[in-house]
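Student: Could you take me through a close look at a single part of this structure? I would like to follow one helix from end to end.

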Amino acid sequence: VSWTNDARSITAFVLLAVVAATLPFATRDLYIIGVATTILQNLLLAMSLRLVMNLGLLNLAHISLMGIGAYVSAALAMQLGMSFWLTLPIAASVAALMALALGGLTLQLHGPYFFLITFALLSITQLFFHSYFENIFGGATGLIGVPRPNPIGFGTFKIQMVDKVSLYYLIFAFWIVATAVLIRLEYSRLGMQCAAIKQSETVARAIGIHSIRCKLLILTLSGFIAGVAGVFFAHSRGVINATDFGVDPMLRLLVFVVVGGVGNIWGPVVGTIGLSVIFEFLRDLHFLETLVYGAVLIAVMRLFPAGVIGTFQWASAIGNRWQAAKHDAA
Amino acid sequence: MLVPTLILQALLNGASVAIVYILVALGLSLIFSIMGIINFAHGEFYMFGGFTAYYMSEVAGVNYLFTLVAAFIAVGALGFLVERLLFGPLRTQPLSGFIASLGLLLLMQAIATALFGVVDKAVHSPFPGVSRGYGLVISNERLFVMFASAALIALLYSFLRWGKQGLALRAVAQERDSASLLGINVDLVSGLAFGVGCGLAGAAGALLAPVFYVSPTMGEQPIVKAFIIIIIGGMGSLPGAVAGGILLGLLESIGPIFFSVATVEMLGFTAIVVLLLFKPTGLAKS
């Protein structure tokens, strides 16, 4: 069974990567490229959030990790004039360290206590960037004029990271690497330990799995990926504000993840791409967006708690069983 | 002489708002003790209460005191329905219930924006003028808010202490299965608890409507205060919520004299983090 899952996963990955890689050849419409760039950036966030939610940890401070990546990178670039290629690993590592610290502080808490504390941390981070160290983080106005990523290349061959297409390929490259790591993780020792923890933490610990260590590693990895998304966000948009990392964007991210389902690595991909595309078609009904997000969250929790992919798998399992029963009867 | 008066005046102003946040927190805590879920959409019930007061007293011209009762009943009925349709069926999955409450927050805010618009609306105070005494000044509407809130808290206490349904409610909070064995309709009681909790939030929104403005985002502030209050007091503990509210009121009214507003806000959130880490049962129980 794991071979078919494996093959399916990799086929989906390759297909998606090919479609994404050829998109700028298929259309010259810069608006579409811009939307696709946002989708890829949200994919990094949604896929890393799913990783921790899969362990039952609803980390509401996930968006803050993105914010830390964005603010640290922007501040380093603007205050010290550091290159994007240097601030990227530094800022993402800072986000990863903060995720590790968050885990170290909060993993002793369970259920509602965990998400309440992450909610408080979200508010603290937002308030910090909004009201403190105004000369570095820009206060209520935020940071304006974050430089574009520096050109990359050797000698006379240089790629300028200025136009929308090259920025699109930059986030595409980040997404490819992150997704490859996440797929590999599913089949690694750590991934299997996480699957065991998900089924029953008590049993997992009884057979010698260090569950806190697994959760810390997963949180750190998710923090790093969210940090990368934040760095890209800051340098591609050029403007960041503390409200970009508040409750509203966090809830949107949550919708992307739960609609697709947290049980599968492709759940957030289906949720993010599906909802983003639907909302592009409903662009004129923009004011309905919050309404639809809320209604979708409620409907999914009430009717399809496993998300789109989970429900599909469940339906196909029922179908298989039905087929088998028919076969037995014949 | 000046400094104590200044501090007393700050305390008085703080108390008149803090007591309303205690109402919101009591409802939140009541719901948590029965359902085991944290209702993130609780501030939206508060907001609906504010709009009930606005439309009844400003648009329809009903007596303001009557709109308070109406806000409690209307928002309470809405809460009852929401529990029966949404949170009741999700009671065994706290994570799903919690995510659903986040969805409800977005949904109710969007509905309010669509129905009522984004422009702040003012509700005229039924008690204009100010009262003076001991060198202190307070507006009559704030005075009324304090007395009405205290009365509501006393009513809630009597209901839980002496009412038959209140007794059933406490039994369900203590041990759901045993309560069911004793013949208590636990589903109905859950709906009732949710309704009463939301009704309190609705009444609180109607009470503060003349003090502040009414807008679709007015629920964001009190819900955060209510979280801080129930964490200080211990989640599910009603006396704790009152104590937590008094502590937060003290911090918020005296704090700004010494620190910046952002620092005071930061202190509240830091209190959540520190208390959850070291004393998740709150300060009230030892």
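Tutor: Happy to help; here is a walk along one helix, with a couple of other places to set beside it. Keep in mind that this is a predicted model, and that it scores ipTM 0.84 and pTM 0.87.

Let us start with helix α10 of chain A, which covers residues 211-237. How far apart should its end C-alpha atoms be? With 27 residues at 1.5 Å a residue, the helix should span 39 Å, and the end C-alpha atoms are indeed 39 Å apart, so the two values agree. Next, look at its surroundings: 20 of the 27 residues of α10(A) are buried, so the helix is largely enclosed by the rest of the structure. After the helix comes G238(A), which has a positive phi, near 85°.

A positive phi also turns up elsewhere in chain A, at F133(A), where phi is near 50° although the residue is not a glycine. You will find F133(A) in the loop between α5 (111-131) and α6 (134-137) of chain A. With a relative accessible area of 48%, F133(A) counts as partly exposed, because that class lies between 20% and 50%.

Now try the length check on chain B, which averages a pLDDT of 87, with 98% of the residues scoring at least 70. Helix α5(B), residues 140-162, has 23 residues. From first C-alpha to last it reaches 32 Å, close to the expected 33 Å. Its buried residues include F144(B), V145(B), L152(B), I153(B) and L156(B), and E141(B) is also among them.

How values were computed
Residues are numbered from 1 along each chain as its sequence is written. Chains are lettered from A and ligands numbered from 1 in the order in which they are written. This is a predicted model: local features need pLDDT of at least 70, side-chain atom pairs count only at pLDDT 80 or more; totals for chains, interfaces and linings use all residues. Side-chain values use heavy atoms; hydrogens and water are left out. pLDDT is the predictor's confidence in each residue, from 0 to 100. Helices (H or I, at least four residues) and strands (E, at least two) are DSSP runs, numbered from the N terminus. The expected span of a helix is 1.5 Å times one less than its number of residues. Buried means under 20% relative accessible area, exposed over 50%, partly exposed in between (1.4 Å probe, protein chains only).
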